[in-house]
Amino acid sequence: MRRIVMTMFLSLLTVVFLYAYADAKVSGICSSCHTMHNSQDGSPMTYDSSTTPNGKLLRGTCVGCHAQNTSSNIVNSIPQVYHSDATDLAAGNFSYVVTADSSGHNVQGIVTSADATLGNTPPGYNSAYDPSSTGFSTASRLVCAGSNGCHGNRDSSDEWTAVSGGHHGDDSILKYGATTFTLTGQGASVPTSYRFLYKIKGAEDSDWQDTVTATDHNEYLAETYATRGTTDSWANMKGTISELCSECHSTFHLGGTSGIGSASPWLRHPTDVVIPNSGEFASVSTTYSDETPVGRPAASLTDGLTAAIGTVTAGTDRVICLSCHRAHGSQYPDSLRYNYQSSLSTGNGCLRCHTQKDAY
Ligand code: HEC
Ligand code: HEC
Ligand code: HEC
Ligand code: HEC
Ligand code: HEC
């Protein structure tokens, strides 16, 4: 017993030591986020006043902290994924999914029921191409993190274990800045992965795109898909955001006849392919737009990048899943970034890239 207590004391000391020296990410006093016993003056310390304690001695769960459903998209520096603020952050808003199933991901704890049409099954799922050791289980709901979620290391089925070390880790290499940003080392751990999406690379806008302009936004890596064997592994990942989506929606991203094909005529809409500098694409809108973001090759995400790139360059930049979709949810069916079912006007949505197709 004595030994256990001693070990615990020592590891606590180590944490405090590391915390003091590491370039910690979350800041503030410990007690704003943690509670040692979930009890103070006999009352629970959890934000929702639940007597059930949370993992990592926290005062809330992922949903409790990040999906407070208030009128603000950022609450006490905590980015909100479910809110009624007029401005959504980069991944959209789960509020649309609460209203209409097809608007995005039915994440447990935020959206009461699983998707009435899709259930818990990710369209296009192929376990051979899920790099996680556990794989996605359709026996349970989609959650924020771990094997049945998107964030953290998906080898772990426990959400806290999956994200462990993320919030206190040094993520400065993901932030714009002459002395900070570099792709080197990104993806090595959860905190050094783009938005705690294990292995994924990019550049993080410091306000999660609360303000978004052509030169103020996130950047996503897009590279030719790594050659895959018959089974996938983390080592095969190049770190593109479309690879993240394809951990669960594999066949929408893989090459070959069951996937997207390999060249025009394509079989499914290609992603991680270069926007050609020819034909209709030669006159692609050169101003970056949050309506149809593009991915960048590693060569464009150079060390010391101080700000987001404001242009789109045919022949260099690539179409990605997020050129058309929001990751969490949007006001449109299939979590699309623009209205695809009606009123596609000149220069909008699909037509930003397919410049010679007619508006309708
Ligand atoms: C703004 C909220 C916040 C504050 C303030 C905060 N923490 Fe945390 N802490 C978290 C979250 C969220 C996690 C769990 C997820 C993770 O590990 O990323 C966590 C995890 C931890 C862990 C587990 C780490 C691991 O690797 O699994 C320890 C230990 C910890 N915090 C200690 C502290 C101490 C000590 C302080 C005060 C100096 C503190 N925290 C302040 C939010 C906070
Ligand atoms: C105690 C409140 C709290 C809990 C619980 C919590 N978070 Fe966070 N989270 C925060 C705060 C605060 C930040 C913002 C940190 C910063 O300033 O960059 C954050 C940031 C994030 C980010 C964005 C990181 C970035 O690069 O900007 C992600 C993703 C995230 N959390 C996921 C999760 C997941 C998944 C869980 C559950 C396993 C979780 N959080 C639990 C408070 C919390
Ligand atoms: C951990 C697995 C997982 C990952 C990773 C994932 N999804 Fe999904 N996705 C699902 C599941 C499960 C469903 C079906 C249930 C639902 O809609 O919630 C789904 C459904 C969808 C739908 C249809 C929504 C609807 O209701 O019709 C879209 C669009 C989608 N995903 C896009 C994406 C994009 C884009 C990414 C990457 C940013 C992504 N997904 C990453 C699991 C995943
Ligand atoms: C970010 C740019 C971009 C957006 C937005 C975009 N596409 Fe594409 N699309 C491409 C690229 C790049 C190709 C592949 C071109 C090539 O190499 O042949 C492509 C290919 C296609 C093809 C296959 C053409 C062939 O030769 O086989 C169709 C059809 C298509 N897109 C329709 C759409 C529709 C419909 C939308 C809107 C829902 C859309 N695209 C949105 C960039 C885009
Ligand atoms: C060019 C725009 C575009 C791109 C790029 C794109 N999608 Fe889609 N996605 C759509 C549209 C439009 C739909 C509606 C269904 C359809 O047209 O096939 C859709 C539907 C979906 C669905 C729902 C399927 C269902 O059965 O309900 C999922 C899941 C999905 N996309 C995931 C992805 C993933 C993952 C990627 C990247 C690998 C991706 N999408 C890239 C436009 C796009």
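User: Before anything else, where do domain bounds come from, and what are they for this protein?

Analyst: Domain bounds come from an automatic or database domain assignment. Here that assignment gives domain 1 (1–66) and domain 2 (79–360). Keep in mind that this is a predicted model, where local features need pLDDT of at least 70, side-chain atom pairs count only at pLDDT 80 or more, and totals for chains, interfaces and linings use all residues. Residues are numbered from 1 along each chain as its sequence is written, chains are lettered from A and ligands numbered from 1 in the order in which they are written, and side-chain values use heavy atoms, with hydrogens and water left out.

User: How far apart are the C-alpha centres of domain 1 and domain 2, and how many residues does the contact take from each?

Analyst: The C-alpha centres of the two domains are 32 Å apart. Contact means heavy atoms within 4.5 Å, and on that basis domain 1 puts in 15 residues and domain 2 puts in 18 residues.

User: Now the ligands. Which residues come nearest to ligand 3?

Analyst: A residue is near a molecule if one of its heavy atoms lies within 4 Å of it. Around ligand 3 there are 23 residues, with H105, N106, C245, C248 and H249 nearest. For polar contacts, look for a pair of N or O atoms within 3.5 Å; within protein, one must be able to donate a hydrogen and the other to accept it, and residues adjacent in sequence count only if both atoms are side-chain atoms. H105 has a polar side-chain atom 2.7 Å from a nitrogen atom of ligand 3. N106 uses a backbone N or O atom, 2.7 Å from an oxygen atom of the ligand, and a side-chain N or O atom of D115 is 2.8 Å from an oxygen atom of ligand 3.

User: And how does the shell around ligand 3 divide into nonpolar, polar and charged?

Analyst: Ala, Val, Leu, Ile, Met, Phe, Trp, Tyr, Cys and Pro count as nonpolar, Asp, Glu, Lys and Arg as charged, and the others, Gly among them, as polar. The ligand 3 shell has 9 nonpolar, 10 polar and 4 charged residues.

User: Which residues are closest to ligand 4?

Analyst: S264, H269, C350, C353 and H354 are the closest of the 17 residues surrounding ligand 4. The side chain of S264 places an N or O atom 2.5 Å from an oxygen atom of the ligand, and that of H354 places one 2.7 Å from a nitrogen atom. The ligand 4 shell holds 12 nonpolar, 5 polar and no charged residues.

User: What about aromatic pairs: how many are there?

Analyst: Rings of Phe, Tyr and Trp (its six-membered ring) pair if their centres lie within 6.5 Å; planes under 30 degrees apart count as stacked, over 60 as edge-to-face and the rest as tilted. That rule gives 3 aromatic pairs. In one of them, Y194 and Y220, the ring centres are 5.6 Å apart and the planes at 70°, so this pair is edge-to-face.

User: Is Y220 buried or exposed?

Analyst: Buried means under 20% relative accessible area, exposed over 50%, partly exposed in between (1.4 Å probe, protein chains only). Y220 has 5%, so Y220 is buried. Y194, at 4%, counts as buried too. Another pair is Y198 with W234: centres 5.0 Å apart, planes at 70°, so edge-to-face. Both Y198 and W234 are buried.
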